[in-house]
Amino acid sequence: QNFPLDSIGEFKYETQRFKAEYGRANGGVLTVVTKSGTNELRGSAFEFFRDKSLNSQTETEKNAGVEKGEYRKHQFGASLGGPIVKDRTHFFLSGERITQNTQQVVDMGDLFPDKSGVYDLPYTENMVVAKLTHQFNPDNYLSVRYGYNDNAQVYGASPQSAPESWGDNQNKFHSANVNLNSVLGNGKLNEFVFQFSYFNNHIGANSELPQETFPGGWSVGQNSNTPQTTTQHKFQFRDDFTWNKASHEL
């Protein structure tokens, strides 16, 4: 799941020798800490913008003898955080949207000249984070966070496959996280975490025609990887208890 840029307070990436608390991991562990509200009402806004005027022709465009394709990308977002009850309860909200318009040159040669052309490749993504924190007393701190992320893009586009061989790729994520930190006396700290996450991926087919492939890499008809759907529901319960006494830690 991706998070809005303005919602990230800090992150840490460990490539090896990570602790057992992260479970089984292959390659690395990325830890992201999201921002929280403070006693001051604060907000932010941003936008990153790119246009085809900053690009050059791709090799595919040069080989096909076509002009430089369309390219335009907007990435914009905002955040707002502040107090609900000063020194006790705070909120934080952040959202971001990405829209990208590019094109794919398809050159089917003399095999299917009617399928050659320049086709649009739209991409969109939305990200939202909402967080509520509450200090019950000096020893107990509660944090509740909700995250949402969706994106949609063209699947399987390439210079030698007709648009009917592509697909429509859509992903959707939901996550809810509850964290309670409690100081249980001198040198004793307990952290309880509950998390629920939902993930859905669907890749739809653009055609129901039989797939055909030809020497040279050309392909027409339905993509063999479509349609497909993956859905996951995950629940996590974790409790970490740390006891420090003198020079020892349990």
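## A first look at a strand-rich protein

The protein has one helix and 13 strands. What you have in front of you is a predicted model, and this report walks through its main features. Reading from the N terminus, the elements follow the order β-β-β-α-β-β-β-β-β-β-β-β-β-β.

### Overall form

Let us begin with the overall dimensions. Along the principal axes, the C-alpha atoms fill a box of roughly 80 × 40 × 30 Å. The radius of gyration is 25 Å, whereas a compact globule of 250 residues would have a value near 18 Å. Of the 250 residues, 31% count as buried.

### The sheet

How are the strands arranged? Nine of them form an open sheet, in the order β3-β4-β5-β6-β7-β8-β9-β12-β13, with antiparallel pairing. At the edges stand β3 (42-51) and β13 (248-249), each with a single partner strand, so one side of each is left without a neighbour in the sheet. As background, strands of a sheet pair through backbone hydrogen bonds, either parallel or antiparallel.

Starting from the β3 edge, β3 pairs with β4 (residues 72-85) in the antiparallel sense over ten bridges. One residue pair to look for here is Phe48 with its bridge partner in β4, Gln75. Next, β4 is joined to β5 (residues 89-106) by 13 bridges, and these two strands also run antiparallel. Here Gly81 has Phe92 of β5 as its bridge partner. At the other edge, β12 and β13 pair in the antiparallel sense over two bridges, and Lys245 has His248 of β13 as its bridge partner.

### Unusual backbone spots

Some places in the loops deserve a closer look. Most residues other than glycine have a negative phi, and most peptide bonds are trans. Asp87 has a positive phi of about 70° although it is not a glycine. The hairpin of β4 and β5, where Asp87 is found, has three residues between the strands. With a relative accessible area of 54%, Asp87 is exposed.

Ala246 is another non-glycine residue with a positive phi, here about 55°. Its place is the loop between β12 and β13, and Ala246 is exposed, with a relative accessible area of 81%.

There is also a cis peptide bond, which joins Thr226 and Pro227 with omega at about -10°. Pro227 sits in the loop between β11 (219-220) and β12.

### An aromatic pair

Six aromatic pairs are counted in the model. In one of them, the ring centres of Phe196 and Phe235 are 5.0 Å apart and the planes are at 45°; a pair counts as tilted when the angle is neither under 30 degrees nor over 60, so this pair is tilted. Phe196 belongs to strand β9 (residues 188-205) and Phe235 to strand β12 (residues 228-245), so the pair links distant parts of the chain, 39 residues apart. How accessible are the two residues? Phe196 is partly exposed, with a relative accessible area of 24%, while Phe235 counts as exposed at 57%.

### Two pockets

Which residues lie nearest the centre of the largest pocket? They are Leu30, Thr31, Val32, Arg145 and Gln195, out of 40 residues that line this pocket. The elements that each give two or more residues to its lining are β1 (8-14), β2 (29-34), β7 (140-155), β8 (167-183), β9 and β12.

In the second largest pocket, 14 residues form the lining, and Thr58, Glu61, Gly69, Thr102 and Gln103 lie nearest the centre. Both α1 (59-64) and β5 supply at least two residues of this lining. The largest share, four residues, comes from β5.

The table sets out the volume and the lining by class for each pocket.

| Pocket | Volume | Lining by class |
|---|---|---|
| Largest pocket | About 1,600 Å³ | 15 nonpolar, 14 polar and eleven charged residues |
| Second largest pocket | About 210 Å³ | three nonpolar, eight polar and three charged residues |

### Linking the parts

Some elements appear in more than one part of this report. Strand β5 has a place in the open sheet and also contributes to the lining of the second largest pocket. Strands β9 and β12 hold Phe196 and Phe235, and both strands also contribute to the lining of the largest pocket.

Definitions and conventions: Residues are numbered from 1 along each chain as its sequence is written. This is a predicted model: local features need pLDDT of at least 70, side-chain atom pairs count only at pLDDT 80 or more; totals for chains, interfaces and linings use all residues. Side-chain values use heavy atoms; hydrogens and water are left out. Rings of Phe, Tyr and Trp (its six-membered ring) pair if their centres lie within 6.5 Å; planes under 30 degrees apart count as stacked, over 60 as edge-to-face and the rest as tilted. Buried means under 20% relative accessible area, exposed over 50%, partly exposed in between (1.4 Å probe, protein chains only). Two strands pair if DSSP finds at least two bridges between them. On a 1 Å grid over the protein atoms alone, a cavity is a set of points where a 1.4 Å probe fits but cannot get out, and a pocket is an open set with protein on both sides within 12 Å along at least five of seven lines; lining residues have an atom within 4 Å of a point. Grid points are joined across faces, edges and corners, and a volume is the space filled by probe spheres set on the points. Ala, Val, Leu, Ile, Met, Phe, Trp, Tyr, Cys and Pro count as nonpolar, Asp, Glu, Lys and Arg as charged, and the others, Gly among them, as polar. The radius of gyration is taken over C-alpha atoms; the globule rule is 2.2 Å times the number of residues to the power 0.38.
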